[in-house]
Amino acid sequence: MSVKNGWNWVFGNYQWMSFSATTGDVTYVHSADTSSSEMVMAQEEGCDSTSDDNGNLLFYTNGITVWNSSGNTIETSLGGSNNSMQSSTIIKSPYTGSSYYIFTTGDWSNPAETIEYTIIDFGLDPTGTTVSLNTPLVGGNNYDENLTSTRHSNGTDFWIISRRRSSTYFDAWSSVTSGMSSNIVSSDIGHEFNGSNRYGQIKMSPSGDRIGFSIGGSVGTGFNPKIAVYDFDTSTGVISNPTVLVGSGTSYTFTFTGSVTQDLSTGYVISCDFSPNGDYLYTTMGGAAQRNLIQFNLTNLGTYPSSSGNTVIPDTHARLILDPSDTRFSGVTGTWNGGISYGIHRGPNQRVYFLRSKNLSFTTQPIGVYEIKYPNNLVSSPTSIGVSEIFFDVSNNGPYLAMPNISGVALPPTPPCSADTYCINSTDTYFDDTYSETGTTFDGYQVWVGDTNGLFLYFSTGDTQWCLSESLGGPCLLSGKSPCVSECPDLCEEFFFEGTCPTTTTTTIACMAFDFDAIFDCLAESTPTPTPTPSITPTMTVTPSSTNYCSMVSVDSTIDTYTPTPTPTPTMTPTSSGIIIRPCNVLGDVSFTTLDGHIGCPTSKQFQDCVTGMMYYTTELVPTPSGDPLTEFMIFKSYVDGVLKCVSFVGINNDIIGVNTIELVEGPTGYSNLGECVLCDVIPSSTPTPTPTMTPTPSGIPCFCYELIALQSTTFNYIDCNGLVSTATSVKAIPTYVCSLTLPTTTSLFPYSITKLGICVDGVCPPLTCNCYTVSNGGLEVTVARQQDNSINNVSTESYVNMVYTDCNNVQQVIVINNYTTTPYFCSLTTPFVYSSTNIVTITLVGDCTSCFP
């Protein structure tokens, strides 16, 4: 989510809910019926709250009093009202980085009400201070309880919109650098709102070009209309093209719910708001017989039926999601029948939220907060749009009527995806194709179509993810992460990228005979039966490079001789050759005439450095010193490219052709899965002349420096250089360094890491050096969730891991690594620490920083 001003909602009686920046899910920060130090507002109707640029709660108001996030009072005399459905709306100043406008309006009972604004600044005083108070907007008075805002077409200024009482006019004001414009834009929409117009709200569509309006009433006549939509020009402020959805008819029959007839002429139309794609308007109604939640389809406005008399509303125009007598939607969590639907508001996470009571009492009623998870779907039942109860206040002191009136000004129109083409490649299926943007939309999102295969790349609003399918709205052949709020297609980066797919051109060459010598990159093993060996033809030395070894030219060839690979020795010169990644694309037929022997596939044996975690690969024979079979997790002292190291055997790798030279010289000394890498020591034997700076240990065993890192406060046990039992503590991923004769141990259940560094000198660790690393997240190894009693259930799914490291400036950094991704090179003073016990994570030490950033 990027709309950070709406990440915290404060409303009702001490209610505070917050939105997750990663999942969009709601967390209730405070839901008690009594105040806390931060939550001190008890409000029956309109209110608003806003967050800072980092998504942290900044302040909130009921239209009269303003409180900061600590619950301290900033101002106490704004011009709003406790009984106004939209008593206030907060807008950050587009001209300064620290000032906020609070616009207020009174309630319907005072015909002299004006629209006023107050400016609160957080620049000089971070707790907030009042700059100006209750400045009236130009244009008169007698405004009702309706107040909303949207962004100006110039991308900087904003509009404030309200409705005059007992009039046919809407008014709009724009902001200017000096405050608010002295010019008022008045629009005559052709129908009057009169009588006792209590309740009701005015809302802007996400793009700002449409107004949704609902109006309630308790007494009087002339409720025409009750629900309507209008066009809004974000450049001029003019309101036009009124369309009445519900008027003064005595009854409405909704065919969607089986010809359910509802009398909507006297009920309260409490609230309304748009779906994120702008195609639907949701309204809530109250009253003894009109406890409804309705979805209006705005894509059919041109053919909407007349709103007078007894009106039949077909499925194509509106769908009654909930009515007092309907019990067929029992799959929805919570008690629906018997209550009233109240305030409704669109969240910053592509979802919609509304309030609903559990009885008809106005003063004592428990309240539930409900979520519409898929508001862009055409409703077929409450479950089809994901209606569920996310909070229920069991007391009689609930949040009452209104959600926060979060400003639409901070919601600039989402720019369309700028990519014209995308490529799916290397899946070896008919999915592989270039996908071009069609210029059309599906559920408010752009659509791409395969140039050759005709498959559709569309956004599934039901599953909130991008989908490759044979039809729009069809089942996914490939899908991206969920939930996803990206305007651009988002599939697995291993086979999906922006742009056109590369084309491969096959060049036909005239047949010709030629002689050549070749070295095959695979293992040639002779059979036990002796055979005459032909004279050896000298072969060229092939130097690996970053070029593609595989051509698209077919060759018919015959093998006459081959040169076996010599047995490696420890004194071999280390190679600097790179690793060749298979597969190679080869076209054409190849015939082989073999000698007495066979050619094996070039699989690699994979080893891991016990100290650095670096991986090594070889296609050569690697016998163990004892002659026993090489098995997984075995640890050996080994020469790797001529350098003595401790390595652990990982297994056979079928995807990488290794070029390392590996000779096992001692072991196995233990097994890596048992944590026995520490038993392998590659420190050279002592020389007759000891180093003067070394502090002798009681046993003569070298005293090593260890880096200890843990997710939570964790105690490690170790034996210091003097042979004494000691302890050390690491706190929340902050590394601790100890000198120990043995590998430190801990009984902690939290993730931790122990890294063996150099030899301690006089009981002190050597200075830290900044090394280059890269970290890969290979996805879930096992899906687990730890319970409060430390038992484990197979239910957790992690789509990313968090990593912490200390950069070369000694500043701690925290980054997120999504599944199946690898970080770019980075430099760190410490071993990178990953917060995960379930994912396959590989930390690779590339070398010092000059290796990555010369």
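Me: Hi! Is Cys-765 buried or partly exposed?
Reply: Cys-765 is partly exposed, because its relative accessible area is 21%. Buried means under 20% relative accessible area, exposed over 50%, and partly exposed in between, using a 1.4 Å probe and protein chains only. This is a predicted model, where local features need pLDDT of at least 70, side-chain atom pairs count only at pLDDT 80 or more, and totals for chains, interfaces and linings use all residues. Residues are numbered from 1 along each chain as its sequence is written, and side-chain values use heavy atoms, with hydrogens and water left out.

Me: Cool, which residue forms a disulfide with Cys-765?
Reply: Cys-705 does, with the sulfur atoms 2.0 Å apart; a disulfide here is a pair of cysteine sulfur atoms within 2.5 Å.

Me: Which hand does that disulfide have?
Reply: The torsion about the S-S bond of Cys-705 and Cys-765 is about 95°, so the disulfide is right-handed. The pair joins distant parts of the chain, 60 residues apart: Cys-705 lies in strand E48, and Cys-765 in the loop between strand E52 (752–759) and strand E53 (771–780). Strands (E, at least two residues) are DSSP runs, numbered from the N terminus.

Me: And how accessible is Cys-705?
Reply: Cys-705 has 0% relative accessibility, so Cys-705 counts as buried.

Me: How many disulfides does the structure hold?
Reply: There are 9. One of them joins Cys-646 to Cys-680, and that link is left-handed, with -85° about the S-S bond.

Me: New topic: in what order do E56, E57 and E60 sit in their sheet?
Reply: The order is E57-E56-E60, in an open, antiparallel sheet. Two strands pair if DSSP finds at least two bridges between them, and E56 (residues 800–806) and E57 have 7 bridges.

Definitions and conventions:
Helix = DSSP H or I, 4+ residues; strand = E, 2+ residues; numbered from the N terminus.
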